[in-house]
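Trainee: I would like to learn how to read a sheet and the helices around it. Could you take me through a case?

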Amino acid sequence: MAEEFDILVKQRGAVKGKITRIKNVLGQHTQNQTIPDEFLLHTQLKTIDATYEEFNHFQNKIYAAKPAEADDQEKKYVEFEADYNFVRAKVCQLLRGVKQEPDPQPPAAAQPICILGEMNPDEGIPDFDTCFQDSEDEDDDDEDDVPVDNSDEDDEEGGGGAGASRERNRIERIERQLLKRRQRREWEEKRNQKLFDYTQFSYYGSSSALNIFELAWHLSKDSIDLLWWAIVGVTEQLLLGKIDSAAYTFFTEKMRPHVSRLTNKATDQAIQTSVKILFENDLHLALYRHWSVLDSLKYSIYPACKMKLWTYKGEKVMHELLVDMGLPLVQAKQTFNAMDLVLRKEFHDKMEKFADKFHLPEIVYGSFVLQYGYRNKYSAADYVYSMLAILESVKKDRTPETCFLQSMDALSRSNKEILDEGIEICKTLLSTIFKQVQSSLEMHAVYSAGPFLYFILQEEIPFFTCPYGLIMLARFLLNGHVAVSRNRRARELPLIAVAPIDLARGVSLLVGIPPVCEESKSLFGKAFDQAAKKSGSTISQDFFETSVIQIRQSDCTKFLDAMTVLLS
């Protein structure tokens, strides 16, 4: 141990020697009244900064090796810091003397880039002064702290009074250095805490589709199609839990004036080609306009979890709801458009009337509907579900790029058949999710690891080998588990779901879902990265969603153990 300590002290001394050599070179230039080359000064400045990092590295090791001698070693550090400040300030002064006059018209690229936008106080973005300090102010501080070398004068004058004065000045200088170092530490601690509080959670702002529309509007290049795409983008955020209902209401209120303006602006009054966007109350029932009421109730996450429709008791509650609404079972099993006209017209009002009785207070929400031609009527949610299903329909003969381009084509009104095809695929997706949730809850396959819940799917299912398919399954599963769990803390626990995407290669997809009580904020992006480093797991974070990663199946166990330790 003593030998290791001596080696560290020697290494630290060698690092300090670099500063001493640069100090001697600067002294020779001062004595000869010469100005060093600018390139040499820049090189010396880089060396000085690198030396500071090296010295800190060895100093921390010395503190750890012999904590009892920390006070003595602190004096060595203060002495080094005084030399470092003196040398660095001297180099900066020389650089200011040799640098060229600034260009009266600096290039545009040299100008600072400012991002102008509305600051949302709920986002908790730290103030600039909290995270950054002006480098020029730091240089000025360094110059103020430069130790004045009066050794020659003291030697000439001699006497004990001069020596006492020099010692007193040195002590005062050391005290100033210690005070500034303490203030610097306090500032760094506050900065690190602010940045940690800001970066530990990830959340979504306004949809990029909405931002693009607002930009086009300011440029007078907006259109009803751009507006509809913005509506689809905001609706997708709501349906996938990326934003809460309050943020969704705020965004829809921003878009409603544009809906009225652009709809009234249309001059084409022909029914065959007219396009209208209407704002109306919609229901949290997936694809009910293109499905049967029974299936839409059963396979939608909100009513299914509120009424526990995967259980026998839940099915009885659903049938009781249909009876109270006066909707015969035969009609409920038919496609919505094939139902009796009177029942179709009364369906919204009846659902809203009996929502509180069956614990469905949020079944109704404000949304937009696109209507064009004679019979083409689609809600924004229909577009979202269709596009998600097309995106997730990756197969051996369908690459992700093909699915992406096809989902983009579904946005065009001239490609109605692609949109309808996506709706049919989504019906299969939602029914597959419901069946998987039902079997998993019946088998009690959702386990508790203490600070979070986890679910591991053993078989490879095509829909769950893609991010959004697994995210929709995990959200449904978490809400279903909370609905049937007797644990009061279940609402406060997040869920980690793992599904194999290639059993032959041993690769799995892993997603993290925030707790039900904090649905729009997720801590998994940062946590996954730290858990992978601590456990030595091999992960890939190549997705837009920070809470989605690829991981080797052999690393799942130790990765989940690391997550347990990290979140405890």
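Mentor: Let us start with one pair of strands: strand β5 (residues 453–456) and strand β6 (residues 495–502) pair in the parallel sense over 4 bridges, where helices (H or I, at least four residues) and strands (E, at least two) are DSSP runs numbered from the N terminus, and two strands pair if DSSP finds at least two bridges between them. Within this pair, Tyr 454 stands opposite Ile 496 of β6. This is a predicted model, in which local features need pLDDT of at least 70 and side-chain atom pairs count only at pLDDT 80 or more, while totals for chains, interfaces and linings use all residues. Residues are numbered from 1 along each chain as its sequence is written, and side-chain values use heavy atoms, with hydrogens and water left out.

Trainee: In what order do the 6 strands of the open sheet run?

Mentor: Strands of a sheet pair through backbone hydrogen bonds, either parallel or antiparallel. Here the order is β4-β5-β6-β7-β9-β8, with mixed pairing. Because β4 (447–448) and β8 (539–540) each have a single partner strand, they stand at the edges, and one side of each is left without a neighbour in the sheet.

Trainee: Which strands does helix α19 lie across?

Mentor: Helix α19 (residues 467–484) lies across β5, β6, β7 (507–513) and β9 (548–552), running at about 50 degrees to β7; axes are lines fitted to C-alpha atoms, for helices over the stretch in contact, and angles run from 0 to 180 degrees between N-to-C directions. Helix α21 (residues 556–567) lies across β5, β6, β7, β8 and β9, at about 130 degrees to β9.

Trainee: Which residues of α20 are buried?

Mentor: Buried means under 20% relative accessible area, exposed over 50%, and partly exposed in between (1.4 Å probe, protein chains only). In α20, the buried residues are Phe 524, Gly 525, Ala 527, Phe 528, Ala 531, Ala 532 and Ser 535. Seen down the axis of α20, they fall within an arc of 165 degrees, so they line one face of the helix; the arc is that of the directions from the helix axis to the C-beta atoms. On the other side of α20, Lys 533 and Lys 534 are exposed.

Trainee: What do the buried residues of α20 pack against?

Mentor: They pack against β6, β7, β8, β9 and α21, contact meaning heavy atoms within 4.5 Å. Following α20 is Gly 536, whose phi is positive, near 70 degrees.
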